[in-house]
Amino acid sequence: MKKVILGVMAIMSVLGVSAQSIYDFKVKDDMGNDVSLADYKGKVLLIVNTATRCGFTPQYDELEALYEKYHADGFEILDFPCNQFGEQAPGTIEEIHQFCTANFNIQFPQFDKIDVNGANESPLFTYLKAQKGFGGFDLNDQRGKFMDEMLRKQDADYDKKSDIKWNFTKFLVSRDGRVVKRYEPTDKMTDIDAAIEIEMNPVLSSIMARRSIRKYLDKPVEHEKLEMVVCAGINAPSGMNRQPWIVRVVEDQQLIADVTEVYKRNNPEQVKRDKDFKNMFRNAPNLICVCTPAEGGGELDAGLLGENMMLAAQSMGLGTCCLGGPVRFLNANADAKFFLDRLDIPEGYKLNYILAIGYPDEQPDAKPRDASKVKYIK
Ligand SMILES: Cc1cc2nc3c(=O)[nH]c(=O)nc-3n(C[C@H](O)[C@H](O)[C@H](O)COP(=O)(O)O)c2cc1C
């Protein structure tokens, strides 16, 4: 049995299925040498399947412009020529490379030719497609409409599949290896440029990557990391530097388990419905409880403290979720008083919100934001 499991694991590993991150993959360079993507840790990557005889081939000019704009600050383009779309990347990799340098003066590395779909597809692209499926062509764009009509004629359900649709599909990867976004060949380079600019800036990258996390690994956050997060929090601005908050960090797993028992008794149906339920704090192993003056005031300052902590946590590979619901439960249930007592909240303060924190075990998509709420007065 053990042998069978090891065998399956070996096959999965060869296929790239067991890969946990983009840095687990090896690819071949234009000389046929193995290159580990771990060599690109800490860099922003744009991974693209290219072709030399395609209507989109002039995009090489724009790719080179992006490369020249950002490369010195840690940006790489990983170019994988692929002959699967209209056989528009014929010839050897040497011929392709000569063509690209002669016609577009490209400076970025070109890797060996690969398949991106089908039986012989590169495990790297299997992974990329699993991370970011097909999001559709922009049908307001003439070329997007053309691509949609062309592909739909071949397969009415083409848009339900995550496979690569054509040459010059691009995947943007953050400095910490997250596949941030997939771009179809018809997507605007100016949008890709703007997204790269965000990823080049670690603060902007953390802001855009943060999502509320409600599934965590069974692994408490190390004390030192919690200290660092809280340090980022108390360095937030506050009116007159009054710092009108009280912060309590819960590392006691038993305390979380005990108060969750009270919650379960009060919400049996809800807990039964939630098959991922671990605890009443959206399953997080650690909590940062933020208190403000009982009489009111300090909420704005406490909110800024919380956002600092969430972004610091994000930048450290931790996930968070701001929680109001559990606070309402704790304040309303006498049986949960032991939890509030353990927090040792000083007289004159009340629990305002709880920040759930832990190692994320999910990657939720961004929820939509309403940009129409913003007006620029010029
Ligand atoms: C004041 C406040 C209270 C919140 N309370 C809860 C909560 O009780 N339970 C929960 O699952 N999420 C809670 N959230 C998280 C929001 O649902 C989440 O921020 C919002 O849906 C946007 O999603 P995002 O954080 O992934 O961008 C709260 C967020 C804030 C700011």
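A residue is taken as buried when 20 or more other C-beta atoms lie within 10 Å of its own. By that yardstick, 31% of the 378 residues of the protein count as buried. The model discussed here is a predicted one, and the paragraphs below move from the overall layout to the sheets, then to one strand residue and the ligand.

In overall layout, the protein contains 13 helices and 10 strands. Its C-alpha atoms fill a box of roughly 75 × 70 × 40 Å along the principal axes. The domain assignment gives two entries, domain 1 covering 2-209 and domain 2 covering 223-358. Taken over C-alpha atoms, the centres of domain 1 and domain 2 are separated by 41 Å. Among contacts in the protein with a separation of 6 or more, 75% are made by residues 24 or more positions apart.

One open sheet has four strands in the order β4-β3-β5-β6, and its pairing is mixed. Strands β4 (75-81) and β6 (179-183) stand at the edges of this sheet; each has a single partner strand, so one side of each is left without a neighbour in the sheet. On average, and with direction ignored, neighbouring strands here are turned by 15 degrees against each other. Within this sheet, strand β5 (residues 170-173) runs antiparallel to β6, and four bridges join them. One such pairing places K170 opposite Y183 in β6.

Another open sheet of four strands follows the order β7-β8-β10-β9, with antiparallel pairing. Here the edges are taken by β7 (246-250) and β9, each with a single partner strand, so one side of each lacks a neighbour in the sheet. Neighbouring strands of this sheet are turned by 20 degrees against each other on average, direction ignored. As a reminder for reading these pairings, strands of a sheet pair through backbone hydrogen bonds, either parallel or antiparallel.

The pairings can be followed across the sheet strand by strand. Strands β7 and β8 run antiparallel and are joined by five bridges, with V249 finding its bridge partner in I288 of β8. Strand β8 (residues 286-293) in turn pairs with β10 in the antiparallel sense over eight bridges. I288 takes part here too, its bridge partner in β10 being L355. On the next step, β9 and β10 pair in the antiparallel sense over five bridges. In this pairing L323 stands opposite I354 in β10, while C321 stands opposite A356 in β10.

Two helices are packed against these strands. Helix α8 (residues 223-234) lies across β7, β8 and β10, and runs at about 165 degrees to β7. Helix α12 (residues 325-332) lies across β9 and β10, running at about 135 degrees to β10. How enclosed are the two strands that α12 crosses? In β10, seven of the 10 residues are buried, so this strand is largely enclosed by the rest of the structure. Likewise, four of the five residues of β9 are buried, so β9 is largely enclosed by the rest of the structure.

A356 offers a convenient place to look at β10 in detail, as this residue is found in that strand (residues 349-358). A356 counts as buried because 24 C-beta neighbours lie inside 10 Å, where the cut-off is 20 or more. Leaving aside residues up to four places away in sequence, A356 touches F281, R282, A284, L287, T320, C321 and L323. A356 and S212 lie 144 residues apart in sequence, yet their C-alpha atoms are 9.3 Å apart in space.

Several of these names return around the ligand. The residues surrounding the ligand are R211, S212, R214, R282, C321, C322, L323, G324, G325, Y353 and K367. R282, C321 and L323 from this list are also touched by A356. Which element gives the largest share of the shell around the ligand? That share, three residues, comes from strand β9 (residues 319-323). In chemical character, the residues of the shell divide into four nonpolar, three polar and four charged. Strand β9 thus appears in this account both as an edge of its sheet and as a contributor to the shell around the ligand.

Methods
Residues are numbered from 1 along each chain as its sequence is written. This is a predicted model: local features need pLDDT of at least 70, side-chain atom pairs count only at pLDDT 80 or more; totals for chains, interfaces and linings use all residues. A residue is buried if 20 or more other C-beta atoms lie within 10 Å of its own, exposed if 12 or fewer, and partly exposed in between; C-beta atoms are placed from the backbone. Two residues are in contact if their C-beta atoms, placed from the backbone, lie within 7 Å. A residue is near a molecule or strand if its C-beta atom, placed from the backbone, lies within 6 Å of it. Ala, Val, Leu, Ile, Met, Phe, Trp, Tyr, Cys and Pro count as nonpolar, Asp, Glu, Lys and Arg as charged, and the others, Gly among them, as polar. Domain bounds come from an automatic or database domain assignment. Two strands pair if DSSP finds at least two bridges between them. Axes are lines fitted to C-alpha atoms, for helices over the stretch in contact, and angles run from 0 to 180 degrees between N-to-C directions.
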